[in-house]
Amino acid sequence: GLALGFQAMDSEVALGQVAAAAVAAGAPLLLYMPHCDRALYERALAAVGAAVAELPAGTSQTLPQRLSGTVFVGNSFSLYA
């Protein structure tokens, strides 16, 4: 990665930045997460929730609305039940 200009980031920081940017823009969020463990999916959902909670007062976007615009491409959640 470094030779191509990429730098590793902590997953918490990366998820927070991506979720905050999508929520602030009101844009759909696509998370490509094949073969990730359950904990990472949970952290991604928590990051979206935190980004919605940080929106300014009077913002009409709710967590259920935000989650309806969030798509996970990865394992079946039934694998984690």
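## Two helices and their neighbours

Asp-10 caps the N-terminal end of helix H1, where one of the side-chain oxygens of Asp-10 lies 3.1 Å from the backbone nitrogen of Glu-12. The structure described here is a predicted model, and the points below follow helix H1 first, then helix H2, and finally the residue Thr-70 in strand E2.

**Helix H1**

- Helix H1 has 15 residues and reaches 21 Å from its first C-alpha to its last, which is close to the 21 Å expected at 1.5 Å a residue.
- The buried residues of H1 are Leu-15, Ala-19, Ala-22 and Val-23; seen down the axis of H1, these buried residues fall within an arc of 95°, so they line one face of the helix.
- The buried residues of H1 pack against strand E1, helix H2 and helix H3, whereas the face of H1 that is turned away from its buried side carries the exposed residues Ala-24 and Ala-25.
- After H1 comes Gly-26, a residue whose phi is positive, near 70°.

**Val-13, a residue within H1**

- Val-13 lies in helix H1, and because its relative accessibility is 40%, which falls between the cut-offs of under 20% for buried and over 50% for exposed, Val-13 counts as partly exposed.
- Val-13 and His-35 are 22 residues apart in sequence, and their C-alpha atoms are 20 Å apart in space.

**Helix H2**

- Helix H2, which covers residues 38-53, has 16 residues and reaches 23 Å from its first C-alpha to its last, close to the 22 Å expected at 1.5 Å a residue.
- Buried residues in H2 are Leu-40, Tyr-41, Ala-44, Ala-47, Val-48, Gly-49, Ala-51 and Val-52.
- These buried residues of H2 pack against two helices, H1 (11-25) and H3 (63-68), and against two strands, E1 (29-33) and E2 (70-74).

**Thr-70 in strand E2**

- Thr-70 is found in strand E2, and because its relative accessible area is 11%, below the 20% cut-off, Thr-70 counts as buried.
- A polar atom of the side chain of Thr-70 lies 2.9 Å from the backbone oxygen of Arg-66.
- When residues up to four places away in sequence are not counted, Thr-70 touches Leu-29, Leu-31 and Val-48; of these, Val-48 is one of the buried residues in H2.

How values were computed: Residues are numbered from 1 along each chain as its sequence is written. This is a predicted model: local features need pLDDT of at least 70, side-chain atom pairs count only at pLDDT 80 or more; totals for chains, interfaces and linings use all residues. Side-chain values use heavy atoms; hydrogens and water are left out. Helices (H or I, at least four residues) and strands (E, at least two) are DSSP runs, numbered from the N terminus. The expected span of a helix is 1.5 Å times one less than its number of residues. Buried means under 20% relative accessible area, exposed over 50%, partly exposed in between (1.4 Å probe, protein chains only). Contact means heavy atoms within 4.5 Å. The arc is that of the directions from the helix axis to the C-beta atoms. A polar contact is a pair of N or O atoms within 3.5 Å; within protein, one must be able to donate a hydrogen and the other to accept it, and residues adjacent in sequence count only if both atoms are side-chain atoms.
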